[in-house]
Amino acid sequence: MAASATHVATADLPANVFKLAQTTQLEALYTIIRDKNTSRGDFIFYTDRIIRLLVEEGLNHLPVIPKTIETPTGVKYEGVGFEGRICGVSILRAGEAMEAGLREVCRSVRIGKILIQRDEETAQAKLFYSKLPPDIASRYVLLLDPMLATGGSAVKAVEVLKEHGVPENRIIFINLIASPQGLSAFCQKFPQLRVVTGWIDQGLNEKAYIIPGLGDFGERRSVHHVMRGFPEA
(Lines give C-alpha, C1' and ligand atoms only; values in the text may rest on other atoms or scores of the structure.)
Protein backbone atom coordinates (compact mmCIF):
# COMPACT_ATOMS: atom_id res chain seq x y z
CA MET A 1 0.00 0.00 0.00
CA ALA A 2 1.38 3.41 -0.97
CA ALA A 3 2.50 5.77 1.72
CA SER A 4 0.46 8.95 1.92
CA ALA A 5 2.10 12.02 0.45
CA THR A 6 2.40 15.20 2.41
CA HIS A 7 2.89 18.81 1.47
CA VAL A 8 6.55 19.81 1.53
CA ALA A 9 7.08 21.62 4.81
CA THR A 10 10.07 23.67 3.67
CA ALA A 11 8.98 27.25 3.23
CA ASP A 12 11.26 27.74 0.23
CA LEU A 13 9.45 25.08 -1.81
CA PRO A 14 6.16 25.54 -3.68
CA ALA A 15 2.85 24.48 -2.16
CA ASN A 16 1.95 22.31 -5.16
CA VAL A 17 4.76 19.85 -4.37
CA PHE A 18 3.79 16.62 -2.64
CA LYS A 19 6.37 14.35 -1.08
CA LEU A 20 5.95 10.71 -0.09
CA ALA A 21 5.81 10.27 3.68
CA GLN A 22 9.44 10.04 4.78
CA THR A 23 9.15 6.71 6.57
CA THR A 24 12.10 4.61 7.69
CA GLN A 25 11.17 2.04 5.03
CA LEU A 26 11.34 4.67 2.30
CA GLU A 27 14.66 5.97 3.60
CA ALA A 28 16.01 2.41 3.57
CA LEU A 29 14.95 2.00 -0.06
CA TYR A 30 16.66 5.26 -1.01
CA THR A 31 19.79 4.25 0.89
CA ILE A 32 19.98 1.09 -1.22
CA ILE A 33 19.59 2.84 -4.56
CA ARG A 34 22.04 5.61 -3.63
CA ASP A 35 24.79 3.11 -2.75
CA LYS A 36 27.35 2.92 -5.56
CA ASN A 37 27.95 -0.74 -4.66
CA THR A 38 24.33 -1.78 -5.19
CA SER A 39 24.07 -4.29 -8.04
CA ARG A 40 22.14 -3.49 -11.19
CA GLY A 41 19.53 -6.10 -10.31
CA ASP A 42 18.93 -4.64 -6.85
CA PHE A 43 18.94 -1.11 -8.24
CA ILE A 44 16.17 -2.05 -10.68
CA PHE A 45 14.17 -3.93 -8.04
CA TYR A 46 14.22 -1.16 -5.43
CA THR A 47 13.73 1.74 -7.83
CA ASP A 48 10.71 -0.15 -9.20
CA ARG A 49 9.33 -0.37 -5.66
CA ILE A 50 9.65 3.39 -5.22
CA ILE A 51 8.16 4.07 -8.65
CA ARG A 52 5.12 1.99 -7.73
CA LEU A 53 4.62 4.08 -4.57
CA LEU A 54 4.93 7.28 -6.58
CA VAL A 55 2.46 6.20 -9.25
CA GLU A 56 -0.05 5.15 -6.59
CA GLU A 57 0.28 8.56 -4.97
CA GLY A 58 -0.02 10.32 -8.33
CA LEU A 59 -3.39 8.65 -8.85
CA ASN A 60 -4.57 10.10 -5.53
CA HIS A 61 -4.43 13.53 -7.16
CA LEU A 62 -6.89 12.69 -9.92
CA PRO A 63 -10.40 14.09 -9.49
CA VAL A 64 -13.29 11.73 -8.74
CA ILE A 65 -17.05 11.92 -9.07
CA PRO A 66 -19.80 10.13 -7.11
CA LYS A 67 -20.62 6.67 -8.42
CA THR A 68 -23.34 4.29 -7.26
CA ILE A 69 -22.86 0.56 -7.76
CA GLU A 70 -24.52 -2.63 -6.56
CA THR A 71 -22.48 -5.21 -4.63
CA PRO A 72 -22.85 -9.00 -5.05
CA THR A 73 -25.02 -8.97 -1.91
CA GLY A 74 -27.57 -6.79 -3.71
CA VAL A 75 -26.75 -3.68 -1.66
CA LYS A 76 -26.28 -0.27 -3.23
CA TYR A 77 -22.92 1.33 -2.48
CA GLU A 78 -22.24 5.06 -2.81
CA GLY A 79 -18.64 5.26 -3.96
CA VAL A 80 -16.56 7.28 -6.39
CA GLY A 81 -15.07 6.83 -9.82
CA PHE A 82 -12.32 8.65 -11.68
CA GLU A 83 -13.64 11.69 -13.49
CA GLY A 84 -11.61 11.35 -16.68
CA ARG A 85 -9.15 9.23 -18.60
CA ILE A 86 -5.42 9.30 -18.04
CA CYS A 87 -2.24 8.63 -19.96
CA GLY A 88 1.44 8.53 -19.13
CA VAL A 89 4.19 10.46 -20.87
CA SER A 90 7.81 9.52 -20.22
CA ILE A 91 10.72 11.88 -20.76
CA LEU A 92 13.32 9.78 -22.55
CA ARG A 93 15.45 8.01 -21.76
CA ALA A 94 15.28 7.59 -18.01
CA GLY A 95 11.55 8.15 -17.84
CA GLU A 96 10.92 4.93 -19.75
CA ALA A 97 11.94 2.99 -16.62
CA MET A 98 8.82 4.34 -14.89
CA GLU A 99 6.39 3.08 -17.55
CA ALA A 100 6.20 -0.47 -16.16
CA GLY A 101 5.17 0.85 -12.74
CA LEU A 102 2.35 2.82 -14.33
CA ARG A 103 1.17 -0.19 -16.36
CA GLU A 104 1.12 -2.35 -13.21
CA VAL A 105 -1.34 0.05 -11.63
CA CYS A 106 -3.38 1.13 -14.67
CA ARG A 107 -4.34 -1.60 -17.10
CA SER A 108 -4.01 -0.79 -20.82
CA VAL A 109 -2.89 2.77 -20.06
CA ARG A 110 -1.74 4.73 -23.09
CA ILE A 111 1.82 6.06 -22.89
CA GLY A 112 3.49 8.76 -24.94
CA LYS A 113 7.15 9.65 -25.19
CA ILE A 114 9.15 12.87 -25.38
CA LEU A 115 12.86 13.06 -26.15
CA ILE A 116 14.54 16.24 -24.97
CA GLN A 117 18.26 16.88 -25.14
CA ARG A 118 20.55 19.80 -24.57
CA ASP A 119 21.36 21.87 -27.66
CA GLU A 120 25.15 22.15 -27.73
CA GLU A 121 25.05 25.57 -29.41
CA THR A 122 22.48 27.26 -27.17
CA ALA A 123 22.84 25.03 -24.05
CA GLN A 124 19.03 25.02 -23.89
CA ALA A 125 16.71 22.02 -23.68
CA LYS A 126 15.51 21.14 -27.19
CA LEU A 127 12.73 18.82 -28.35
CA PHE A 128 14.08 16.07 -30.59
CA TYR A 129 11.11 13.69 -30.73
CA SER A 130 7.61 13.25 -29.41
CA LYS A 131 4.88 10.68 -29.86
CA LEU A 132 1.73 11.38 -27.91
CA PRO A 133 -1.80 9.92 -27.88
CA PRO A 134 -3.91 11.83 -30.43
CA ASP A 135 -6.55 12.63 -27.80
CA ILE A 136 -4.08 13.68 -25.12
CA ALA A 137 -5.74 17.10 -24.75
CA SER A 138 -8.76 15.39 -23.17
CA ARG A 139 -6.75 13.28 -20.72
CA TYR A 140 -5.01 13.76 -17.39
CA VAL A 141 -1.29 13.30 -17.92
CA LEU A 142 1.17 11.61 -15.58
CA LEU A 143 4.53 13.00 -16.70
CA LEU A 144 7.35 10.60 -15.79
CA ASP A 145 11.00 11.47 -15.14
CA PRO A 146 13.04 10.06 -12.24
CA MET A 147 15.47 12.94 -11.74
CA LEU A 148 14.71 16.68 -11.54
CA ALA A 149 17.99 18.61 -11.44
CA THR A 150 17.81 22.06 -13.05
CA GLY A 151 14.29 21.41 -14.33
CA GLY A 152 15.13 22.29 -17.96
CA SER A 153 13.90 19.04 -19.50
CA ALA A 154 10.75 18.96 -17.39
CA VAL A 155 9.91 22.55 -18.32
CA LYS A 156 10.33 21.79 -22.01
CA ALA A 157 8.21 18.63 -21.70
CA VAL A 158 5.35 20.56 -20.10
CA GLU A 159 5.59 23.17 -22.85
CA VAL A 160 5.22 20.38 -25.42
CA LEU A 161 2.17 19.01 -23.61
CA LYS A 162 0.56 22.44 -23.46
CA GLU A 163 1.24 22.94 -27.17
CA HIS A 164 -0.77 19.76 -27.72
CA GLY A 165 -3.70 21.20 -25.80
CA VAL A 166 -3.17 19.67 -22.35
CA PRO A 167 -4.29 22.11 -19.63
CA GLU A 168 -1.59 22.77 -17.06
CA ASN A 169 -3.83 21.72 -14.18
CA ARG A 170 -4.24 18.27 -15.76
CA ILE A 171 -0.53 17.48 -15.53
CA ILE A 172 0.98 15.55 -12.61
CA PHE A 173 4.77 15.30 -12.68
CA ILE A 174 6.06 12.13 -10.98
CA ASN A 175 9.67 12.07 -9.88
CA LEU A 176 12.03 10.02 -7.64
CA ILE A 177 14.56 12.64 -6.60
CA ALA A 178 14.47 16.41 -7.03
CA SER A 179 16.72 19.32 -6.21
CA PRO A 180 15.21 22.34 -4.42
CA GLN A 181 16.48 24.59 -7.24
CA GLY A 182 14.83 22.50 -9.93
CA LEU A 183 11.55 22.29 -8.04
CA SER A 184 11.42 26.03 -7.45
CA ALA A 185 12.14 26.88 -11.09
CA PHE A 186 9.73 24.26 -12.41
CA CYS A 187 6.81 25.14 -10.15
CA GLN A 188 7.31 28.87 -10.57
CA LYS A 189 6.95 28.34 -14.31
CA PHE A 190 3.90 26.09 -13.93
CA PRO A 191 2.06 26.85 -10.67
CA GLN A 192 -1.12 24.98 -11.64
CA LEU A 193 0.39 21.51 -12.11
CA ARG A 194 1.23 19.15 -9.27
CA VAL A 195 4.53 17.46 -8.47
CA VAL A 196 4.73 14.13 -6.65
CA THR A 197 8.28 13.36 -5.59
CA GLY A 198 9.88 10.72 -3.40
CA TRP A 199 12.78 12.72 -2.03
CA ILE A 200 14.17 16.25 -2.12
CA ASP A 201 17.95 16.31 -2.01
CA GLN A 202 20.41 18.93 -0.78
CA GLY A 203 21.00 20.69 -4.09
CA LEU A 204 23.20 20.78 -7.17
CA ASN A 205 26.98 20.74 -7.49
CA GLU A 206 29.04 22.80 -9.94
CA LYS A 207 28.21 20.34 -12.74
CA ALA A 208 24.47 20.59 -12.00
CA TYR A 209 24.37 17.02 -10.65
CA ILE A 210 21.94 16.33 -7.81
CA ILE A 211 23.75 15.91 -4.47
CA PRO A 212 23.87 13.41 -2.83
CA GLY A 213 21.84 11.92 -5.66
CA LEU A 214 22.28 8.41 -7.01
CA GLY A 215 24.32 8.92 -10.18
CA ASP A 216 23.04 8.41 -13.72
CA PHE A 217 19.66 6.71 -13.27
CA GLY A 218 19.39 5.37 -16.81
CA GLU A 219 22.98 4.18 -16.87
CA ARG A 220 22.65 2.30 -13.59
CA ARG A 221 19.61 0.41 -14.90
CA SER A 222 21.32 -0.38 -18.20
CA VAL A 223 22.97 -3.74 -18.87
CA HIS A 224 25.98 -1.84 -20.17
CA HIS A 225 26.60 -0.48 -16.68
CA VAL A 226 27.74 -3.89 -15.39
CA MET A 227 29.89 -4.46 -18.46
CA ARG A 228 31.94 -1.32 -18.07
CA GLY A 229 35.67 -1.95 -17.73
CA PHE A 230 35.63 -5.28 -19.55
CA PRO A 231 37.50 -5.51 -22.86
CA GLU A 232 35.48 -6.10 -25.99
CA ALA A 233 35.60 -9.61 -27.44
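Here is a short chat about how some labels in this predicted model are earned.

User: Why is Ser 90 called buried?

Analyst: Buried means under 20% relative accessible area, and Ser 90 comes in at 0%, so the label fits. Ser 90 belongs to strand E5 (residues 86–92), and its contacts beyond four places in sequence include Gly 112, Ile 114 and Leu 144.

User: What makes the link between the side chains of Ser 90 and Glu 99 a polar contact?

Analyst: The cut-off for such N or O pairs is 3.5 Å. Ser 90 and Glu 99 are joined at 2.6 Å, so the pair is within the limit.

User: How do you know whether Cys 106 and Cys 187 are buried or exposed?

Analyst: Same kind of check: the bar for buried is under 20%. Cys 106 has 13% and Cys 187 has 4%, so both count as buried. As for disulfides, the structure has 0.

User: What makes strand E10 (residues 171–178) largely enclosed?

Analyst: Of its 8 residues, 8 are buried, so the rest of the structure largely encloses E10.

User: How do you know which strands pair with E10?

Analyst: Pairing takes at least two bridges. Strand E8 (residues 140–144) has 4 with E10, strand E9 (residues 147–148) has 2 and strand E11 (residues 194–200) has 6, so each of these qualifies. They run parallel to E10. Ile 177 is the partner of Met 147 in E9 and also stands opposite Trp 199 in E11. From E10 the chain reaches E11 by way of helix H5 (residues 180–189), in a right-handed β-α-β crossover.

Definitions and conventions:
Residues numbered from 1 in each chain as written. Predicted model: local features only at pLDDT ≥ 70, side-chain atom pairs only at ≥ 80, totals over all residues. Heavy atoms only, no water. Disulfide = S-S within 2.5 Å. Buried < 20%, exposed > 50% of the residue type's maximum accessible area, 1.4 Å probe, protein only. Polar contact = N/O pair within 3.5 Å; in protein donor to acceptor, adjacent residues only side chain to side chain. Contact = heavy atoms within 4.5 Å. Right-handed = clockwise from strand over helix to strand, strands pointing away.
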